[in-house]
Amino acid sequence: MNALILAAGDGGRLGALTRERPKPLVEIAGRPIISYTLEALAAAGVCETAVVIGYRAGQLGEALAADARGLSLSFIYNPRFREGASLSLAAARQWAGSEPFLLLMADHLLSEPIIRRLLDARAHTPPGVSLVAADTPTRWPADYLDEATRLALDPDGFVTAIGKHLEPYDALDTGAFLLDPAAWDALDAAPESCELSTIFSILAARRALRAVDIGGAHWYDIDTGADLEAAAALLAARR
C-alpha cells in the first residue's frame, strides 16, 4: 500500500526553530522528525510514498531526496499551504487515484507497529470504511490530553465524533490513518479549506471511520518546544 505524508505547513508554533527550515526537518535526538515516520514506513514494507510540501518546499524536498530511508519518494506541491490542511489532501487526489492509502502527519513522531496495525486491520475492514490509529488516554498526562485530538467511539469501535476539546471521549487520534477511496466523497462534502477533523467528522457521521488500537506503540504529536523535549525523552526511554 502507498503512503501520503502531509508536510506543507509552516510550523509557526515552534517559533525560531521553523523560521529557516520546515517543521519536518526540526530534529529530535539528532534526526529530523519526519525521518522517524519514513523509517517506520520502510520497516512496515511500504515502498511508494508521496509527501505534500509547501512551506520551504525546495529545502524539504532536497533533504528528503537525500535521506529517503529506503523509500521511493515523490513530491506534491500545495501552493495554498497557509490555508486548511484539506487543501494538502486534495492536492494528492490524482496521485491516490482509486486505491486506499496510508495518510500520515509529518509532525507526528510515529513508529512501525502503528503502520502495521493499520495495514493488518485493512484486511478485516468493510469496503467504504477508513481507519484511524487510536491510543488509550490513560497513558498520557493531563497537559498532553489538553492538546490532543480526541475520539468518541461506539461499542463496535466506529468513531462517532472527533475534536480537540471533545467530551466525553474514549481514545486519542495518533495522526495515522488508512483512507478508503470513499473518503474523497467526504472531502467533496467539506468546505474547500478546512481542518482534516472536519472531513473525518463527516466520515464519522456516515459510520465510515473505525478506530484501530495501537497496542501501546509509541508516538508523539509535536507542536511546541516542550513537545520536542518530551518526544526525545520518549525515544531515549525506548532504547
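Q: What does "buried" mean in this predicted model?
A: A residue is called buried when its relative accessible area is under 20%. With that cut-off in hand, we can start with strand β11.

Q: Why is strand β11 described as largely enclosed by the rest of the structure?
A: The strand covers residues 171-179, and nine of the nine are buried, so the surrounding structure largely encloses β11.

Q: What makes β6 and β11 a strand pair?
A: Pairing calls for at least two bridges. Strand β6 (residues 101-105) has four bridges to β11, so the two count as paired, and they run antiparallel. Within this pair, F101 stands opposite L179.

Q: How do you know that β8 and β9 pair with β11 too?
A: The test is again at least two bridges. Strand β8 (residues 130-135) joins β11 over four bridges in the antiparallel sense, with D135 opposite L172. Strand β9 (residues 150-153) has two bridges to β11, also antiparallel, so β9 meets the cut-off as well. Here L151 faces A171 of β11.

Q: Why is A29 called partly exposed?
A: Partly exposed lies between the 20% and 50% limits. A29 has a relative accessible area of 43%, so the label fits. This residue is in the loop between β2 (27-28) and β3 (31-32), and has a positive phi of about 55 degrees although it is not a glycine.

Q: What makes R69 partly exposed?
A: Its relative accessibility is 29%, which falls between those two limits, so R69 is partly exposed. R69 sits in the loop between α2 (57-66) and β5 (72-77), with a positive phi near 55 degrees.

Q: Why would a positive phi or a cis bond catch the eye?
A: Because most residues other than glycine have a negative phi, and most peptide bonds are trans. A cis peptide bond joins E167 and P168, with omega about -10 degrees. P168 belongs to the loop between β10 (159-163) and β11.

Q: Why is the pair W140 and Y144 called stacked?
A: Nine aromatic pairs are found in the whole structure. For W140 and Y144, the ring centres are 4.4 Å apart and the planes are 20 degrees apart. Ring centres must lie within 6.5 Å to pair, and planes under 30 degrees apart count as stacked, so this pair earns the name. Both residues are buried, and ring pairs link them with W219 and Y220 into a cluster.

Q: How do you know that the charged end of R31 is close enough to count as sitting over the ring of Y36?
A: The distance limit is within 6 Å of the ring centre, and R31 lies 4.0 Å from the centre of Y36, so the distance condition is met. The charged end of R207 likewise sits over the ring of F158, 4.0 Å from its centre.

Technical notes
Residues numbered from 1 in each chain as written. Predicted model: local features only at pLDDT ≥ 70, side-chain atom pairs only at ≥ 80, totals over all residues. Heavy atoms only, no water. Buried < 20%, exposed > 50% of the residue type's maximum accessible area, 1.4 Å probe, protein only. Phe/Tyr/Trp six-rings, centres within 6.5 Å; stacked < 30°, edge-to-face > 60°. Lys NZ or Arg CZ within 6 Å of the ring centre and 35° of its normal.
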